[in-house]
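Student: I would like to go through this model with you, from its strands to its interface. Please give the cut-offs as we go.

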Amino acid sequence: MGSGLLTRVRGSYGTKLALALVVVVALSVGVGALVYQQTTDQLEGDVRADLTGSADARADHLDAWLSNVRGQTMLASSQPALASGDEAEVEASLDRLAGSDELPDGVVAAHYYDGPSTTIEISSNDDFAGVNPAEQGAPFATDPPTFDGADDVAVTKPFTVPVADFPVLSVVSPIEGAEGKFLIYMVNVNELTADFDQAVDGSSTVVVAEDGTYVAHPDQSRVLTEHDGAEGMLEQSLSESTFMQHDGMVMAASPVDGAPWTVMVHAQQSEAFALGDFVASSLMGLVLITVVSLSLVGVTVGSTTVTSLQHLSRRADEMAEGNLDADIDTGRSDEFGTLAGSFREMRDSLSTSLSEAETAEAEAQQARAEAEQQRQEAEQARESAEEARREAQETARELEAAATDYEDALTAVADGDLTRRVDADRDHDAMARVGRAVNQMLDDIETSVAAASAFADHVSDAAVRVEGGATDAMDAGSDVSTAVDEISDGATEQTDRLHEVAGEVDDLSASAEEVAKTVASLADTAGQAADAVEDGREATDEAVATMDDVADDAEAAADAMDALDSEMEDIGEIVDVIADIAEQTNMLALNASIEAARTGADGDGFAVVADEVKGLAEESRDAAEDIEERLLDLQGQVSDVADEMRDTSENVADGRTTVGDAATALDDVVEFVAETDSAAGEIRDATDRQAEAASRVAGAVDEVAGISEETAAQATDVAESADEQTETLSTVGDAAADLAERAATLDDLLADFDARGGDEEVN
Amino acid sequence: MALETWFWVGTVGMIAGTLLPLRDMIRYPSHRRYDLVLAGITGLAAIAYATMGLGLTATTVGEHTVYIARYVDWLVTTPLIVLYLAMLAKPSRRTYVWLLLADVFVIGAGIAAALNPGSQRWLFFAAGAVGYVVLLYGLLRTLPRALGDDPDPRVWSLFVTLRNITVVLWTLYPVVWMLAPAGVGILQTEMYTIVVVYLDFISKVAFVAFAALGADAVDRLVTATATGSSASMPDPMETPAATDAGDDD
């Protein structure tokens with residue numbers, strides 16, 4: 001509870017300020033109370049001193065008066081005139097006494113009083129002459145004081161008598177020398193206290209006798225009435241100086257030495273302490289005005305400060321929460337206004353920073369969006385590149401497949417399988433055209449080569465089997481071989497050109513920038529191809545001429561073969577004869593050996609001869625059989641050769657036609673090369689179209705290039721294969737030579753026999 | 001110095017305080033209603049003080065003198081102060097009514113206590129104190145709520161300042177009254193007069209002065225009311241019949 005309050009005070013500037021002001025006010029009140037207390041204490045002391053002093057002074061004054069009046073009375077009572085008893089003389093003396101300047105204050109008359117008759121016989125005041133005081137109730141008459149002597153003086157209590165309209169006090173002294181006679185000074189009590197100054201505002205002085213009646217009182221009507229104070233207080237004040245506050249009054253009392261009286265100075269407390277009340281009122285007023293002023297200052301300063309701070313605090317909170325549109329305006333030009341201005345600047349700065357940050361963020365967002373867009377575009381480009389790459393790969397694959405197909409075909413062709421064709425049904429137009437051109441070319445080559453090969457075979461075989469006259473055929477065969485070599489060379493060159501074309505195509509695929517050049521190169525290559533074709537054509541013409549010779553020679557050889565055949569039949573007959581001889585010799589030898597056995601020992605030598613003859617006969621028979629056999633073979637072969645030579649002759653005629661066709665085909669090749677040229681232009685166009693994508697597909701294109709290079713290499717292999725084919729063709733030539741050799745060998749073999757007309761027939 | 005001197009001092013102060021709203025009434029015609037109320041507060045008080053300065057309406061009750069004009073002044077001007085605070089907060093019409101009734105009750109109880117010499121006056125004093133607690137609740141709770149959670153900071157600042165001046169200074173009146181001759185009597189008549197004149201001066205002239213200083217807040221209030229829907233807001237001009245009543249005095 002207490003700590004909660006403390007926390008609340010600590011947490012609130014307004015409460016702190018209010019608390020501080022309350023403390024200041026409390027301090028003011030406390031100081032005021034202290035001042036008031038000190039003032040009232042001081043005032044009470046002053047009042048007490050004033051009242052007490054006043055009472056003492058008056059008591060002293062009364063005492064002095066009493067002494068004076070006693071002395072005067074005693075002195076007057078001793079006057080001889082009074083003791084003379086003469087009425088006139090006494091009256092004159094009394095008048096003199098009453099008129100004396102030295103008469104004490106308040107003495108209004110002097111009486112000549114006769115004690116026993118209780119009668120005022122003579123008086124300075126005629127009104128009292130003859131008055132009986134006892135009847136009037138004067139105490140000196142009703143209760144006469146006792147005197148110690150003529151010098152003694154008695155002072156009566158105050159009293160009233162009907163003859164006097166004021167309270168009276170009598171001073172009685174026996175007249176010296178006249179028994180029973182007294183001099184009485186009659187004192188107007190009121191005059192005793194008339195000159196009592198007001199010691200304190202509103203104070204009143206009374207004299208109270210020991211019986212509790214007023215001896216003197218400002219209110220003369222109250223003289224001789226009962227004192228309304230407390231008995232104890234009266235007793236105390238009769239014996240000593242007394243000060244007391246009682247019943248709204250303050251009182252100081254001082255006893256009178258010369259009489260059983262006490263002088264009391266009374267004052268209303270309110271009046272005595274009026275100054276204190278005024279001081280209290282003034283202090284309270286001062287405190288209240290201070291409180292009012294402090295309240296105003298505190299409330300205005302506190303309220304405006306607290307509200308300004310709350311406003312700023314709330315705005316700061318709002319700013320902290322991100323609301324920068326908050327209105328920060330205290331409407332003040334003091335430090336709070338400055339603070340608000342600082343807040344505004346801070347907010348503006350924040351706002352600027354924030355908007356900058358937002359702008360930056362928006363820009364970043366935009367940049368991100370752009371990046372995203374670019375990324376998407378890149379993605380798209382990548383996809384299109386991918387697609388292009390796929391297409392390129394597809395194309396490359398197609399190209400590769402085509403190349404592989406071409407390679408396989410060309411390899412097969414190089415291996416001799418001239419029946420192989422490439423699949424020209426390609427999606428790639430240029431490749432398809434190349435394929436078609438290749439196929440066309442291969443058709444032509446196959447036709448040519450097949451014809452030439454068959455022709456060479458026939459020549460070779462014919463040459464082998466033709467003895468003697470085969471030399472011409474062999475020469476012709478050699479020529480054919482040479483021609484075939486040339487054709488082969490042409491074909492190789494063709495293959496090379498094709499390889500180059502393949503390379504160009506490869507280059508075409510590899511670099512779009514080089515397409516034009518490559519196409520130009522391709523054009524050149526095409527021209528070269530055309531030249532090569534031209535060369536091939538010339539070679540073909542030569543081959544045709546040679547073939548004509550071969551055909552003639554073959555015809556002659558065939559005729560020679562026929563002659564050889566008939567001669568071989570003659571040889572056969574001879575061999576039959578030899579065989580019969582050998583049989584007969586054998587029989588003879590058998591008979592000889594039987595005879596030799598009958599003769600015995602003498603016949604042993606003969607038997608040996610017979611055995612040898614028998615052996616020779618058997619060898620001859622074997623040789624004859626062998627020869628017959630071989631002759632039969634040879635005869636068959638020669639017959640075949642003759643047939644084949646005729647066939648060869650026909651074939652050469654066919655070959656010639658075929659070579660003519662080849663020439664025509666080569667013309668076609670020229671056209672195809674031209675087509676290839678235009679196709680290359682289209683390839684370039686296609687490559688140009690491809691160029692946009694090709695920049696990102698360098699790798700793929702490189703790959704294609706690699707593949708193309710591989711293709712080129714394989715094309716080289718194809719060329720090599722073509723070379724091998726050429727070599728194979730030359731081997732055919734060699735075979736023909738071998739055949740010639742074998743023919744020569746046969747010729748030699750036949751030469752062992754006496755061949756007829758063999759020399760001129762076998763060449 | 002005679003009491004009349006202080007009354008004349010109060011008169012001059014109140015007249016000086018009236019000049020500000022009169023000037024604003026010319027300067028800002030848009031919130032003349034507000035300035036009229038402010039001018040009523042000090043203007044009527046000036047009339048009351050002039051009346052007392054002329055020694056009129058002095059009545060002796062018991063042992064002390066009571067100036068009826070002072071209580072009539074309070075009976076009229078304190079509702080105007082409450083009205084002005086309410087016009088800043090713009091509460092419901094009901095709130096206007098019970099706030100003004102509470103205020104009139106408090107002053108009425110004060111008049112009854114002042115005119116009653118016997119100890120009965122303390123009963124009236126207690127009744128007035130209870131009424132004052134109700135009025136305090138209205139000023140410290142109801143009106144701030146009427147301003148809403150997020151009031152215009154200038155209006156809020158002005159309201160809080162004026163409200164606090166009113167609450168704190170008004171709370172001093174019963175204290176002064178208890179200390180006055182009519183109460184325990186520590187304050188003597190002249191000092192009581194001085195203190196009350198000063199209190200009156202502060203609670204009225206300072207109030208009016210701060211209100212005039214916050215004229216821009218009233219501007220915002222008037223603008224907001226003019227632009228916003230004023231259907232739920234009672235027109236302050238309808239309520240202050242007190243202004244006319246003050247003129248009749």
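Tutor: Two strands pair if DSSP finds at least two bridges between them. Helices (H or I, at least four residues) and strands (E, at least two) are DSSP runs, numbered from the N terminus. This is a predicted model, in which local features need pLDDT of at least 70, side-chain atom pairs count only at pLDDT 80 or more, and totals for chains, interfaces and linings use all residues. Residues are numbered from 1 along each chain as its sequence is written, chains are lettered from A and ligands numbered from 1 in the order in which they are written, and side-chain values use heavy atoms, with hydrogens and water left out.

Student: In the hairpin of β1(B) and β2(B), which residue takes a positive phi?

Tutor: Strands β1 (58–61) and β2 (64–67) of chain B are antiparallel and share 4 bridges. B:Thr59 has B:Val66 as its bridge partner in β2(B). There are 2 residues between the strands, and the positive phi, near 60°, belongs to B:Gly62.

Student: Which are the edge strands of the sheet β2-β1-β5-β4-β3 in chain A?

Tutor: This open sheet has 5 strands with antiparallel pairing. β1(A), residues 107–114, pairs with β2(A) over 4 bridges, and A:Tyr112 has A:Ile122 as its bridge partner in β2(A). Pairing on one side only marks the edge strands, β2 (119–123) and β3 (154–155) of chain A.

Student: What angle does helix α4 of chain A make with β2(A)?

Tutor: Contact means heavy atoms within 4.5 Å. Axes are lines fitted to C-alpha atoms, for helices over the stretch in contact, and angles run from 0 to 180 degrees between N-to-C directions. α2(A) touches β1, β3, β4 and β5 of chain A, at about 45° to β4(A). Helix α4 (87–99) touches β1, β2 and β5 of chain A, and its angle with β2(A) is about 75°.

Student: Which strand does α2(A) run at about 30° to in the sheet β7-β6-β10-β9-β8?

Tutor: That sheet is open, with 5 strands in antiparallel pairing, and its edge strands are β7 (214–216) and β8 (242–246) of chain A. Within it, β6(A) and β10(A) pair over 7 bridges, with A:Ser204 opposite A:His266. Helix α2 (13–77) lies across β6, β8, β9 and β10 of chain A, and the strand at about 30° is β9(A).

Student: How many salt bridges are there between chain B and chain A?

Tutor: Buried area is the accessible area (1.4 Å probe) that two parts lose on being put together, summed over both. Here the value is about 2300 Å², with 69% from carbon and sulfur atoms. A salt bridge is a side-chain nitrogen of Lys or Arg within 4 Å of a carboxyl oxygen of Asp or Glu. Between these chains the count is 0.

Student: Which element gives the most residues to the side of chain B that touches chain A?

Tutor: The contact takes 26 residues from chain B and 29 from chain A. In chain B, B:Pro153, B:Gln188 and B:Tyr198 lose the most area, together 22% of what that side buries. Two elements of chain B give two or more residues to that side, α6 (153–179) and α7 (189–213). With 13 residues, the most comes from α6(B).
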